[in-house]
Amino acid sequence: MASESMASEDVKSGESAVTKIVNLAEEAKLAREGVVKAKPNYAFGSICKSLVAGGVAGGVSRTAVAPLERMKILLQVQNPHNIKYSGTIQGLKYIWRTEGFRGLFKGNGTNCARIVPNSAVKFFSYEQASKGILHLYRQQTGNEDAQLTPVLRLGAGACAGIIAMSATYPMDMVRGRITVQTEKSPYQYRGMFHALSTVLREEGPRALYKGWLPSVIGVIPYVGLNFAVYESLKDYLIKTKPFGLAQDSELSVTTRLACGAAAGTIGQTVAYPLDVIRRRMQMTGWHNAASVITGDGVGKVPLEYTGMVDAFRKTVRHEGFGALYKGLVPNSVKVVPSIALAFVSYEMVKDILGVEIRISD
């Protein structure tokens with residue numbers, strides 16, 4: 001149960017599309033089938049193995065697409081009055097020319113470091129949320145044998161994702177700042193811990209949660225659309241059986257992953273403006289900010305935001321509606337390779353560690 005739950009609930013976190021989309025297929029399976037409760041010793045060991053498998057899979061997939069992830073963030077937050085990155089290909093070439101190979105992976109270490117604590121908090125939160133929701137559901141229906149419906153599992157997953165995201169949000173905040181430091185930046189942050197201590201000392205503890213609200217709000221449309229689109233595509237393919245994709249009312253792993261990719265792409269496109277606003281809010285109040293934010297002093301100073309609504313209003317007013325989708329191209333391009341790498345890595349590590357998924361007949 002631990003491995004299945006760990007894999008399935010990555011889709012609810014509202015974070016990287018990589019692991020979320022990979023495990024979306026398993027969520028449908030978990031919702032349809034009953035998972036046998038494991039013995040305590042088995043559960044603890046399985047949890048640890050699942051965390052290791054998820055950590056390795058997440059690290060491999062994130063590292064493989066790190067250049068595209070960095071490009072996305074740079075496009076989201078660069079000063080509009082001094083454009084350095086006009087597109088994905090041009091931007092990657094510019095980074096290679098000015099910062100070298102290592103520049104393509106700036107901020108990836110902090111991004112990978114978030115995986116294990118995020119997964120641990122998410123797993124524990126999902127288990128507790130599931131128990132609480134199931135208890136209330138049984139009380140409301142008066143049926144002590146009632147089980148969680150797919151929608152209730154979705155709610156438990158969303159709760160777990162929000163809790164896990166909140167617990168590790170400071171790491172995401174400083175990751176964003178480290179990622180946008182360029183060759184002309186003061187390089188104020190030497191690493192994750194230095195960045196955390198510097199922000200805490202210079203801007204206060206609240207600064208570590210800049211952009212938290214749009215992150216939480218973004219979970220709702222992302223998770224909702226993922227679930228709705230995935231289930232709709234799956235049902236359509238099972239009923240119509242085009243190109244022989246469905247056999248005995250079941251879809252292959254590859255087909256389910258393709259459905260998950262389509263669902264994830266639609267979900268992230270709708271929720272994407274909230275991600276842009278989140279990143280921009282994270283950059284406000286930064287002393288000796290990176291040159292990509294300040295525009296090297298050539299253009300106007302970067303805008304300051306008093307809150308999420310103010311950030312939306314100023315972004316659209318000064319840059320147009322299209323600014324809310326800056327960086328969407330590299331964000332979408334990374335989906336396919338990320339799915340393959342994360343899925344294969346997770347399965348390989350799971351097999352090596354002997355993680356078993358026990359499902360009732």
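A contact here means heavy atoms within 4.5 Å. Keep that in mind for the exercises below.

This is a predicted model, in which local features need pLDDT of at least 70 and side-chain atom pairs count only at pLDDT 80 or more, while totals for chains, interfaces and linings use all residues. Residues are numbered from 1 along each chain as its sequence is written, and side-chain values use heavy atoms, with hydrogens and water left out.

**Exercise 1. Find what Gly 327 touches, and say whether Gly 327 is buried or exposed.**

Step 1: place the residue. Gly 327 sits in the loop between helix 15 and helix 16 (328–333). Helices (H or I, at least four residues) and strands (E, at least two) are DSSP runs, numbered from the N terminus.

Step 2: list the partners. Leaving out residues up to four places away in sequence, Gly 327 touches Lys 72, Leu 75 and Tyr 272.

Step 3: check the accessibility. Buried means under 20% relative accessible area, exposed over 50%, and partly exposed in between (1.4 Å probe, protein chains only). Gly 327 has a relative accessible area of 7%, so Gly 327 is buried.

Step 4: look along the chain. Val 276 is 51 residues apart from Gly 327, yet their C-alpha atoms are separated by 8.4 Å.

**Exercise 2. Do the same for Thr 284: where is it, and which residues does it touch?**

Step 1: Thr 284 lies in the loop between helix 13 (253–283) and helix 14 (291–294).

Step 2: Thr 284 counts as buried because its relative accessibility is 8%.

Step 3: beyond residues up to four places away in sequence, Thr 284 touches Arg 177, Glu 203, Lys 210, Leu 303, Glu 304 and Tyr 305.

**Exercise 3. Work out whether the length of helix 15 agrees with the expected span, and where its buried residues lie.**

Step 1: take the rule. The expected span of a helix is 1.5 Å times one less than its number of residues.

Step 2: apply it. Helix 15 (residues 308–319) has 12 residues and should span 16 Å; its end C-alpha atoms are 16 Å apart, so the two agree.

Step 3: pick out the buried residues of helix 15, which are Met 308, Asp 310, Ala 311, Lys 314 and Thr 315. Seen down the helix axis, they fall within an arc of 155° (taken from the directions from the helix axis to the C-beta atoms), so they line one face of helix 15.

Step 4: turn the helix over. The face of helix 15 turned away from its buried side carries the exposed residues Val 309 and Arg 317.

Step 5: ask what covers the buried residues of helix 15; the cover includes helix 12 (212–240) and helix 13.

Step 6: look just past the end. Gly 320, just after helix 15, takes a positive phi of about 90°.

**Exercise 4. Now repeat the analysis for helix 11: which residues are buried, and what do they pack against?**

Step 1: helix 11 (residues 192–203) has 12 residues and reaches 16 Å from its first C-alpha to its last, close to the 16 Å expected.

Step 2: its buried residues are Met 192, Ala 195, Leu 196, Thr 198 and Val 199.

Step 3: the buried residues of helix 11 pack against helix 7 (108–113) and helix 10 (169–179).

Step 4: Gly 204 follows helix 11 and has a positive phi, near 90°.

**Exercise 5. Count the aromatic pairs and describe the one formed by Trp 96 and Phe 101.**

Step 1: set the rule. Rings of Phe, Tyr and Trp (its six-membered ring) pair if their centres lie within 6.5 Å; planes under 30 degrees apart count as stacked, over 60 as edge-to-face and the rest as tilted.

Step 2: the count by this rule is seven aromatic pairs. Trp 96 and Phe 101 form an edge-to-face pair, 6.2 Å centre to centre with 85° between the planes.

Step 3: Trp 96 counts as exposed at 51% relative accessibility, and Phe 101 is also exposed, with a relative accessible area of 51%.

Step 4: widen the view. Ring pairs link Trp 96, Phe 101 and Phe 105 into a cluster.

**Exercise 6. Decide how far to trust the coordinates: what is the average pLDDT of the chain?**

Step 1: pLDDT is the predictor's confidence in each residue, from 0 to 100. The chain averages a pLDDT of 79, and 82% of the residues score at least 70.

Step 2: over residues 24–40 the pLDDT is below 50, and beyond near neighbours in sequence this stretch has 44 contacts in the model.

Step 3: where pLDDT is low, the predicted coordinates should not be read in detail.
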